Amino acid sequence: MEIGQTAATAVRLSGLRKSYPGGAAPAVDGLDLTIRRGEMVALLGRNGAGKSTTVAMMLGLLEPDEGRVELFGCPAAQAVRAGQVSAMMQEGGLVSRVTVAELIRFVRRAFPRPLPTAEILRAAGLEGLARKRVDRLSGGQAQRVRFAMALAGDPQLLVLDEPTAALDVEARRELWAALRRYAARGRTIVFSTHYLEEADANADRVVVIDRGRLVADGTSAELKQAAAGRIIGFADPGMPVSQLAMLPGVLEAETRGGRVRLRTVDADATLAALGPVRGLEVTGAGLEDAFVALTGAGR
Amino acid sequence: MDMTLGYLRLEATRLVRNISFLMVSLVTPLVMYVVLANKARGAQDTESLSFLTVTMAAFGAMGAVLNSGSGIAEDRAGGWLRQLRLMPVRPAQVVGVRALTGMLGAVPPVLAVQLAGALGYGVHHSPAQWAATVLVLWLGVAPLALLALGVGHLLRPQLAQAVSVAGYVLLSVVGGLWAPVDKLPHWLQGVSRVTPVNRYAELALDAAHGRAPHAAALLVLAGWLLASAGFALVACRRGSRAA
């Protein structure tokens, strides 16, 4: 049986735990996650939430203190050796004194069934740069090369750690388009990000990580609904925040710039108790509110 | 195999484009050789002349592989080794290819010093002796190439560089590249005999003079080859995880 050709599960993390020497709290604290083949999953979390540590363990770069990592039913290192997996790490990974074409040619030779060179260069937006030296590229161009290297081997699982960090708006759009085309071929994609919009717009499934734990897992619509309820905004009537927070249904209250913002599970009850206010606005909470609610980032 | 050749091609390309490295590793031993050989020729000391033709080539080969091996620390700092680890590339392939490219960098200084000896200073050997000398000078440097790679895998770039330069100077003196071992203090001679540098130079000198190699020299060098290959492999596994 060839590795990965039959397993329906791309990634299985069970009970992952990792502490760094000198770190007060564990970086990853009992994480369970199963990703099916063909899913496009965002690992969403603040900086320092444990995303990069999770990714490093997922790829076999870091040995977990506890727990197991399986990629296509095998240990991570075995899946990597079989050319099933490829990754674009947050930074680095390029090499000096070679051209883009030379680097891609090397990566293609390393993998058993690589993509055609022209397709790689097109997908990464590197046409016209093939003969340029890798160490003489701009930051954005270098990021494209890193993406091209991750793509070149046509891996079943593509892992990207904060892939858009060095990119401008246009390049980001192109990267996501290329990733969606890649996913459409039935490939599994896992990316970490601290940008809510990226997770919202590009992932089939958003996994929220905070303080090394998985705090939410679902489509972005599900997360918004489950976590956040509704937002009521109105002109500040001069009521103390502590009193606003006591209103029925209110989870969170804040005043900012002359306006009050209440997050509530029951907008009708809150408004009835509040009485008449000026400049009223009631909206569904966005993913950002869901994120704040889930991770306690605002507290 | 295809993978290994592709990687070798990539690293060889990088070597050929590293002009400053190639110049330094070529010019340093050549200048040393010319200075010392002029002195020996002035004193009509043909014995020293033929000694230096071998040992300064060894000195140059050693400089090239130490510099190249410790240079892997920079690749590690740049995340390149971690990237390789995320590809279907084995640590043994990384170590083997890097050791071999380090040794390719040793070819120019070895050839340059041999040519200078033959053409500039009238050092005489049979064609077979020249060929054997060049071959030994090239192959015998392998343990040092692996040793430097191990150091480069474990240390930060600047530290790796410092350790390799210090090792270079120390080993070339203790190994007897500047003067025959019997001119060293007695206690140092014993130490010298177990260094890879000394036995490397001994084998190359024997080849140059058409003598059969000593079993002891072969054994010591083979021991170093195995030990340093193991060290480089372990260091590579450790070093390319983090960073």
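This is a short talk on two chains, A and B, of a predicted model.

I will start with chain A as a whole. Along its principal axes, the C-alpha trace spans about 70 × 45 × 40 Å. The chain holds 11 helices and 13 strands. The domain assignment splits chain A into domain 1, residues 9-218, and domain 2, residues 227-295. Taken over C-alpha atoms, the centres of these two domains are 38 Å apart.

Now the inside and the outside of chain A. Of its 299 residues, 51% count as buried. The chain exposes about 13200 Å², and carbon and sulfur atoms supply 49% of that area. As for contacts, take those in chain A between residues at least 6 apart in sequence: 69% of them join residues at least 24 apart.

Next, one residue in each chain with a positive phi. In chain A, please find A:Glu162, in the loop between strand E6 (157-161) and helix H6 (169-184). Its phi is positive, about 50°, and A:Glu162 is not a glycine. Is A:Glu162 buried or exposed? The relative accessible area of A:Glu162 is 7%, so this residue is buried.

In chain B, the residue to find is B:Gln44, which sits in the loop between H2 and helix H3 (46-70). B:Gln44 is not a glycine either, and its phi is positive, near 55°. B:Gln44 has a relative accessible area of 71%; the cut-off for exposed is over 50%, so B:Gln44 is exposed.

Staying with chain B, look at helix H2, residues 19-42, where B:Met23 is found. B:Met23 has a relative accessible area of 44%, which means it is partly exposed. Which residues form a nonpolar patch on the surface with B:Met23? They are B:Ile19, B:Val27, B:Val31 and B:Val35, and together with B:Met23 they have about 440 Å² of accessible area.

My last residue is B:Thr101, in helix H6 of chain B, residues 91-104. Its relative accessibility is 4%; under 20% counts as buried, so B:Thr101 is buried. What lies 2.8 Å from a polar atom of the B:Thr101 side chain? That is the backbone oxygen of B:Val97. If we leave aside neighbours within four places in sequence, B:Thr101 is in contact with B:Leu8, B:Glu11, B:Ala12 and B:Leu15.

To recap the chain B residues: B:Thr101 is buried, B:Met23 is partly exposed, and B:Gln44 is exposed.

Methods:
Residues numbered from 1 in each chain as written. Chains lettered and ligands numbered in written order. Predicted model: local features only at pLDDT ≥ 70, side-chain atom pairs only at ≥ 80, totals over all residues. Heavy atoms only, no water. Helix = DSSP H or I, 4+ residues; strand = E, 2+ residues; numbered from the N terminus. Buried < 20%, exposed > 50% of the residue type's maximum accessible area, 1.4 Å probe, protein only. Polar contact = N/O pair within 3.5 Å; in protein donor to acceptor, adjacent residues only side chain to side chain. Contact = heavy atoms within 4.5 Å. Domains from an automatic or database assignment. Patch = residues over 30% accessible without salt bridge, like charges linked within 9 Å, V, L, I, M, F, W, Y side chains within 5 Å. Areas by Shrake-Rupley, 256 points an atom, 1.4 Å probe, with all protein chains shown as cover. Salt bridge = Lys/Arg side-chain N within 4 Å of Asp/Glu carboxyl O.
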